[in-house]
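Ready for a few warm-up exercises? Have a look at the chain below, then try each task before you read its solution.

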Amino acid sequence: MFLGSLALIVLAATLQSAAQKDDEVMTKENGGYVVNTTTLGKDVQGYAGTTPVKVYIKKNKVEKVEFLKNQETPKYFARVKKAMQGKWDGLKVKDAAKLKVDGVTGATFSSDAVSKNVQIALDYYQKHK
């Protein structure tokens with residue numbers, strides 16, 4: 001009896017933890033969804049570390065991609081933001097997921113990491129919407 005109760009408690013805690021993790025990744029906001037890759041893309045490395053993003057999706061279209069705090073060299077990451085910001089905006093999620101965005105010369109690792117994070121966010125949205 002005790003082991004059965006203990007197993008139920010462990011199962012409940014595991015499910016609650018999984019639900020909280022999903023809440024950290026994708027949230028509802030202003031009639032749409034926001035996918036945050038801070039934990040989802042923790043293994044995606046730029047030049048100096050992770051390059052998380054938030055992807056805002058409404059009516060199955062990308063509204064915007066927000067670049068989050070990271071450890072990349074500010075001068076180079078500013079170039080990445082300038083070149084890549086807006087590239088996915090207004091696209092249907094399935095089209096945005098297929099989009100190949102050119103990287104920034106001299107900031108290739110950072111550019112690739114941003115692209116991968118956007119891809120991860122869009123894939124997550126499609127599987128969990």
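**Exercise 1.** Which residue in strand 2 is the bridge partner of Glu29?

*Solution.* First, some ground rules: this is a predicted model, where local features need pLDDT of at least 70, side-chain atom pairs count only at pLDDT 80 or more, and totals for chains, interfaces and linings use all residues. Residues are numbered from 1 along each chain as its sequence is written, and side-chain values use heavy atoms, with hydrogens and water left out. Now go to strand 2 and find the partner of Glu29: it's Gly32. Helices (H or I, at least four residues) and strands (E, at least two) are DSSP runs, numbered from the N terminus.

**Exercise 2.** What is the order of elements along the protein chain?

*Solution.* Start with the tally: five helices and four strands. Then walk from the N terminus, and you get α-β-β-α-β-β-α-α-α.

**Exercise 3.** Work out how strand 2 is paired on each side.

*Solution.* Two strands pair if DSSP finds at least two bridges between them.

- Step one: strand 1 (residues 26-29) pairs with strand 2 in the antiparallel sense, over four bridges. Here Thr27 sits opposite Val34 of strand 2.
- Step two: strand 2 and strand 3 (residues 53-58) also run antiparallel, joined by four bridges. Asn36 has Lys54 in strand 3 as its bridge partner.
- Step three: check the cover. Strand 2 (residues 32-36) is largely enclosed by the rest of the structure, because four of its five residues are buried. Buried means under 20% relative accessible area, exposed over 50%, and partly exposed in between (1.4 Å probe, protein chains only).

For the protein chain as a whole, 33% of the 129 residues count as buried.

**Exercise 4.** Where is Val65 found, and is it buried or exposed?

*Solution.* Val65 belongs to strand 4. Its relative accessible area is 5%, so it's buried. Now bring back Lys54: Val65 and Lys54 are eleven residues apart in sequence, yet 5.7 Å apart in space, C-alpha to C-alpha.

**Exercise 5.** Examine the phi angles of Asn30 and Lys59.

*Solution.* Most residues other than glycine have a negative phi. Asn30 goes the other way, with a positive phi near 50 degrees. You'll find Asn30 in the turn of the hairpin that strand 1 and strand 2 form, with two residues between them. Asn30 has a relative accessible area of 66%, so it's exposed. Next, Lys59: its phi is positive too, about 55 degrees, although it's not a glycine. Lys59 lies in the loop between strand 3 and strand 4 (61-67). With a relative accessible area of 77%, Lys59 is exposed.

**Exercise 6.** Which residues form a positive surface patch?

*Solution.* Patches take residues with over 30% relative accessible area and no salt bridge, joining like charges within 9 Å. A salt bridge is a side-chain nitrogen of Lys or Arg within 4 Å of a carboxyl oxygen of Asp or Glu. The patch members are Lys61, Lys92, Lys94 and Lys98. Zoom in on Lys92, in the loop between helix 3 (74-84) and helix 4 (93-98). Lys92 counts as partly exposed because its relative accessibility is 44%.

Definitions and conventions. Patches are made of residues with over 30% relative accessible area and no salt bridge: like charges are joined within 9 Å, nonpolar side chains (Val, Leu, Ile, Met, Phe, Trp, Tyr) within 5 Å. Accessible areas come from the Shrake-Rupley method with a 1.4 Å probe; for residues, only the protein chains shown count as cover. Lys and Arg count as positive and Asp and Glu as negative; His and the chain ends are not counted. The place of a charge is taken as NZ of Lys, CZ of Arg, CG of Asp or CD of Glu.
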